[in-house]
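Trainee: I'd like to learn how to read salt bridges in a protein model. Can we go through one together?

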Amino acid sequence: PLQQQPPEWNIATMALFKLAASIFLLASSPAYGFTSPTTLIARSKQISNSNNLSHHNSFFPSKIAISTTTTSSSLSALPISSTIPTLDISRTIIGLLLAQKISNSGYKKQSLSKSGAISAFLVASFSLATSFRNGLTLLAFYWTSSKLTRVGSKIKGKLEEGHTEGGERGASQVFACSLIAVLCACVRRILVGNDGPLLSTSVGLLGDQLTLAYVAFFACCAGDTWASELGVLSKSKPRLIIKPWKQVPPGTNGGISFVGLAASAAGGTLMGLIHGLLVPGGIASMLPFNLPSMLGAISSAAFKKEVLILSLVGFIGGFGGSLLDSLLGATIQVTYYDDVEEKIVKRSGPNAKRVGGLAFLSNEMVNVVSTALSALIAALTARSLLSIMI
């Protein structure tokens, strides 16, 4: 049992803490979080025009005061010269502290290796710094996945080689199930601005595409993880997705069961539901009296549509993403079965035979491909989905 953190873990944690804090304190724009390029271009033109006016008025002393005032006011509107928003700083600090606590807890409980804990700290910090709901959606995925890994751990240990009670995850597993989504969140924050409800940004469809991609990514992750952790416990043997008439040993890549498919749909829907419920100004719209307007709430109709759309994206991402992951697992990810130990093993051996797939991609790479495709499909179909639902 791990009762005390090794010194190198403390040093690494503090280094990453300072790194993440520096990045977000320097990158945050002062007025509205990160400022979109369109806003920066407009303000630059404004300053350029003011500078030209100032140069022209240098021949007319009576107008110098006016041009100077105009130029200084334009300069003060630039994000670089303003102060960093208190909310951004507070959220970043809270995110860093929360990420450190959660990654440290996962390391102590052996659900994360040392590299996995450091990786989890990084992705959680950046996700929480972009918005609270992004971070909480990510944490909901990791928390539910860790809990489900412990369900029936003794049975799983008999069916799969290398299964541990805590399901210790390393850096590759953490990044495979988070990095693309966190990049989407960061890109949205930089190019679009503060997190908000769908169809609320002034830069077109980009913000909504990145939001749907973020939800679809974690829906796919949750769908695959829930299906794997609960489907393997099904009393009926799974069937190979590319050969539904063929039964395969529990834990076989590409094997599907009714329990697993139901779990994947539930996991994906939960991710979408959480992301929808936590939209800024959403829960506030349900409060009585004059509190919604005081708290900057969105309309109750917009809140309901947000929850409905993101829950639907979550359901499709979880169920469809799990099927996609199974299809990849059955074709380009090899599975070995040991006849003596009667369990799925990671590599071939004297008693192990290949029962499916090709040795082309590892489990982590299959996860990367399936989640990336799920996020991409969600982004590309955002316009059609939003036009139908709204």
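Mentor: Sure. A salt bridge is a side-chain nitrogen of Lys or Arg within 4 Å of a carboxyl oxygen of Asp or Glu. Keep in mind that this is a predicted model.

Trainee: How many salt bridges does that rule give here?

Mentor: The count comes to three. Start with Arg133 and Asp195, whose side chains meet at 2.8 Å, N to O. Arg133 sits in helix H6 and Asp195 in the loop between helix H9 and helix H10, so the pair ties together parts that are 62 residues apart in sequence.

Trainee: What else does Arg133 form a salt bridge with?

Mentor: With Glu306, where the closest N and O atoms are 3.3 Å apart. Glu306 belongs to helix H13, and this pair links parts of the chain 173 residues apart. Put together, Arg133, Asp195 and Glu306 make a network of salt bridges.

Trainee: Are Arg133 and Asp195 buried or exposed?

Mentor: Arg133 and Asp195 are both buried, and Glu306 is buried too. For the whole chain, buried residues make up 46% of the 390 residues.

Trainee: And which residue does Glu229 meet in a salt bridge?

Mentor: That's Arg169, at 3.9 Å, N to O. Glu229 lies in helix H10 and Arg169 in the loop between helix H7 and helix H8, so parts 60 residues apart in sequence are tied together. Both Glu229 and Arg169 are buried.

Trainee: How many helices and strands does the chain have?

Mentor: You'll find 15 helices and six strands.

Notes
Residues numbered from 1 in each chain as written. Predicted model: local features only at pLDDT ≥ 70, side-chain atom pairs only at ≥ 80, totals over all residues. Heavy atoms only, no water. Helix = DSSP H or I, 4+ residues; strand = E, 2+ residues; numbered from the N terminus. Buried < 20%, exposed > 50% of the residue type's maximum accessible area, 1.4 Å probe, protein only.
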